[in-house]
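Take a look at the sequence and fold shown here. The paragraphs after it walk through the surface, the elements and the charged pairs.

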Amino acid sequence: MNVDKRCKLIRKIPITRAAVADTVVFEELLDPGNTSQNIYADRGYPSIEWVTRLKQAGWRTHIQRRGHATKGISETQQ
């Protein structure tokens with residue numbers, strides 16, 4: 001979902017079948033006209049390619065990092 005930071009209103013929300021992965025509609029949600037260039041996403045999205053493309057386009061990414069069952073994530077990553 002794309003939410004306007006200043007107005008706190010939903011700007012875009014795609015409606016898809018349950019079988020459609022969120023990553024398929026991710027780019028549809030990017031809106032350069034939004035009052036914030038921050039992107040918050042869960043850990044299913046990160047890849048070096050995605051993050052590089054988003055940063056080059058001027059977006060600030062805040063994508064969760066994956067933990068490991070035996071290792072977990074560091075205090076800094078939390």
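How much area does the protein expose, and what share of it do carbon and sulfur atoms supply? The exposed area is about 6,400 Å², and carbon and sulfur atoms supply 51% of it. Such areas come from the Shrake-Rupley method with a 1.4 Å probe.

This is a predicted model, where local features need pLDDT of at least 70, side-chain atom pairs count only at pLDDT 80 or more, and totals for chains, interfaces and linings use all residues. Residues are numbered from 1 along each chain as its sequence is written, and side-chain values use heavy atoms, with hydrogens and water left out.

Next, the fold. The protein has 2 helices and 4 strands, taken as DSSP runs (helices: H or I, at least four residues; strands: E, at least two). From the N terminus, their order is β-β-α-β-α-β.

Now the charges. Side chains of opposite charge can pair when their charged atoms come close. A salt bridge is a side-chain nitrogen of Lys or Arg within 4 Å of a carboxyl oxygen of Asp or Glu. The count here is 4.

Asp4, Arg11 and Asp31 form a network of salt bridges. Asp4 and Arg11 bring their closest N and O atoms to 2.8 Å. For Asp31 and Arg11 the distance is 2.7 Å. That pair joins the loop between α1 and β3 to strand β2, 20 residues apart. Asp4 is buried at 5% relative accessible area, where buried means under 20%, exposed over 50% and partly exposed in between (1.4 Å probe, protein chains only). Asp31 is also buried, at 14%. Arg11 is partly exposed, at 36%.
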